[in-house]
There are 2 protein chains.
Amino acid sequence: MDNFCEKIFAGDVRASARLMRLVDDRTAGYEEYMKPVWKRAGRAHIIGITGAPGSGKSTMTDQLITRFRSEGKTVGVVAIDPTSPFSGGAILGDRIRMAGHSTDEGVFIRSVGTRGHLGGLSVSTMDITAVMDAMGKDVIIIETVGVGQDEVEIAMVADTCIVVTVPGMGDDIQAIKAGIFEIADIFIVNKADRDGAERTAGDLEMMLEITPRRSGWKVPVLRTAASSGEGIDEVVSVINAHKAFCGGNIKSARLEDRLLHVAYGVVREKIVREVFSEEKLRSLLREGADPYSAVDRLWHGEARGVGAAE
Amino acid sequence: MDNFCEKIFAGDVRASARLMRLVDDRTAGYEEYMKPVWKRAGRAHIIGITGAPGSGKSTMTDQLITRFRSEGKTVGVVAIDPTSPFSGGAILGDRIRMAGHSTDEGVFIRSVGTRGHLGGLSVSTMDITAVMDAMGKDVIIIETVGVGQDEVEIAMVADTCIVVTVPGMGDDIQAIKAGIFEIADIFIVNKADRDGAERTAGDLEMMLEITPRRSGWKVPVLRTAASSGEGIDEVVSVINAHKAFCGGNIKSARLEDRLLHVAYGVVREKIVREVFSEEKLRSLLREGADPYSAVDRLWHGEARGVGAAE
């Protein structure tokens, strides 16, 4: 195992990809490899990019990869594809625009699917981020489609959280503003050559002024046209400024949140696997138990053996 | 307790609202009330409405309430507001457009927030849906902002899952299509008077043809202009047709999935409260443990007492 992990720490692509597969499949014993990997993690600068469908997140990611590479930094990308709960696995992953980086050894791109009813950014996503971190990637970009819960989780995982919007998302966007506003470190109005860009940016700035912040960082609203590359230089320099700002306490607090989040995910998986299996729960429900009673029964019955079973 | 639950079963608004508060606050002992409530649930027709910000979900919900009321049905609405993980609670809830129904006793509207790192549609949302169900509401509409995980969870909760889109969401919507396609029972292209509506509807129909379905239901793509009420009659008649289609096996399978989902939520909460408290995990992480080792230690240590502690 030591040798295997040493290879990963040296940036070996094959060993790293192999561990990622073990992580994805939850192959028995993968946890033992993840322990030293997580010990090693915490060096990379982790950037979360989120926004509604159609906002141009993938193009933005693509542009950022190019800039970071030209700064001499190695880059990992974890692209989260929404997964069908019925067919399982990441079935889409049309990372076509990123294909230009596929021959660059300094870039490691991995698509992961979200999972079934355990919800949200899965532990395996975080595990894969940790593997890239342990490989020595300088920057890791986590890109996700979604508004709502996904963003909350990205904020917990990322050192720098970027929210991409486009002009004229409609008044309904009001409904998600407050949550996003406390989470984002950088706002981007993409497709800023479109009508309404200044109004959208102005609305964002106004909301930011009345939003309480966790830290003293002043959240900027940047304008870009990612498809032509306009404004991307500024995005990169603001990301670097935020990285500098986050050194020390903020960085360690976010790392601790990240570790906690992973730990809870690990607990959930372990519980489902070892005590509250779907099979056991379904059979109690079929007998007519309500969910609270079903959990009570397993908890007081089989659950007594937790830990001892191993 | 019997008397309290009897009041809820009789549709008493005060008793029901009180139980919802207990559920929201997770007041000790609320589970004992939820047991008979969940036993009673399963009668209402549960409709999930989801879609990106700006698609007009709230206006749609508003129109549906009016139509169902005119059919003589009682209606419950659970509006899920994204919550800030930092300030806690559902801080927005500008359900202004629904205010017209606030004096109608046949309509019960409740906003709920999503929760912290346990993720997704919270158990309390499901519990609140169950209370409305036990109250005897004929139709319950769950409205949520979001793409991705939220939709997956709605599909598990709802009998009929409606996805609202608008023309010209951009090519990025491709990235979420496959997941959504297997989940939706009804697609709506809202704001169908806008440019590109026919193209969006055509794209959806084309995708639907190549998507495997769980059941024999043919997913329709409807056109509406919710703000003027155009096309809403057809939406209602298709919802009623889907309800008729779902009788029997499909309805019970979805109910079982719903109960299972709640059971897992209950497990997660119990585990966090009784074994893996945030405090314990954070202190292990601060001592330098990686997440996997931290969980191992609590699992083999304190976890041994699971169940016995009660």
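## What counts as buried

A residue is called buried here if 20 or more other C-beta atoms lie within 10 Å of its own. Keep that cut-off in mind for what follows, and remember that this is a predicted model.

## Helix α12 of chain B

With that in hand, take helix α12 of chain B, residues 291–300, which is mostly covered: 8 of its 10 residues are buried. The buried ones are P291(B), Y292(B), S293(B), A294(B), V295(B), D296(B), L298(B) and W299(B).

What do these buried residues of α12(B) pack against? Their partners come from both chains: α3 (30–40) and α10 of chain A, together with α11 of chain B.

## Where α10(A) meets α11(B)

Two of those partners also pack on one another across the chains. Two packed helices are described by the angle between their axes and the distance between the axes. For helix α10 of chain A (residues 249–274) and helix α11 of chain B (residues 278–286), the axes come within 10 Å and cross at roughly 120 degrees. Angles of 65 to 115 degrees would count as roughly perpendicular and those over 145 as roughly antiparallel, so α10(A) and α11(B) are oblique to each other. Their crossing is right-handed.

On the α10(A) side, the residues involved are E256(A), L259(A), L260(A) and A263(A). They meet E278(B), L281(B), R282(B) and L285(B) in α11(B). Sort the residues of this contact by type and you get 5 nonpolar, no polar and 3 charged.

## Chain A as a whole

Step back to chain A and you'll find 12 helices and 7 strands. Buried residues make up 52% of its 310 residues. Look at the contacts in chain A between residues at least 6 apart in sequence, and 75% of them join residues at least 24 apart.

## Strands β1, β5, β6 and β7 of chain A

A run of parallel pairings links four of those strands. Start with β1(A), residues 45–51, which is joined to β5(A) by 4 bridges, the two running parallel. Within that pairing, G48(A) has C161(A) as its bridge partner. From β5(A), residues 160–165, another 4 bridges lead to β6(A), again in parallel, and here T165(A) stands opposite V189(A). Finally, 3 bridges join β6(A) to β7(A), residues 221–223, also parallel, with I188(A) opposite L222(A).

In a regular strand the side chains alternate between the two faces of the sheet. For β6(A), residues 186–189, that puts I186(A) and I188(A) on one side and F187(A) and V189(A) on the other, and all are buried. Strand β1(A) is also covered on both faces. One side of β1(A) carries H45(A), I47(A), I49(A) and G51(A), the other I46(A), G48(A) and T50(A). That's 7 of its 7 residues buried.

## V166 in chain B

Back in chain B, V166(B) is found in the loop between β5 (160–165) and α7 (174–183). Is V166(B) buried or exposed? It has 21 other C-beta atoms within 10 Å, so it counts as buried.

Leaving aside neighbours within four places in sequence, V166(B) is in contact with G54(B), S55(B), N190(B) and K191(B). As for R194(B), it is 28 residues away from V166(B) along the chain, yet their C-alpha atoms are separated by 8.5 Å.

Note on methods. Residues are numbered from 1 along each chain as its sequence is written. Chains are lettered from A and ligands numbered from 1 in the order in which they are written. This is a predicted model: local features need pLDDT of at least 70, side-chain atom pairs count only at pLDDT 80 or more; totals for chains, interfaces and linings use all residues. A residue is buried if 20 or more other C-beta atoms lie within 10 Å of its own, exposed if 12 or fewer, and partly exposed in between; C-beta atoms are placed from the backbone. Two strands pair if DSSP finds at least two bridges between them. Axes are lines fitted to C-alpha atoms, for helices over the stretch in contact, and angles run from 0 to 180 degrees between N-to-C directions. Angles under 35 degrees count as roughly parallel, over 145 as roughly antiparallel, 65 to 115 as roughly perpendicular and the rest as oblique. A crossing is left-handed if the near helix is turned anticlockwise from the far one by less than a right angle, and right-handed if clockwise. Two residues are in contact if their C-beta atoms, placed from the backbone, lie within 7 Å. Ala, Val, Leu, Ile, Met, Phe, Trp, Tyr, Cys and Pro count as nonpolar, Asp, Glu, Lys and Arg as charged, and the others, Gly among them, as polar.
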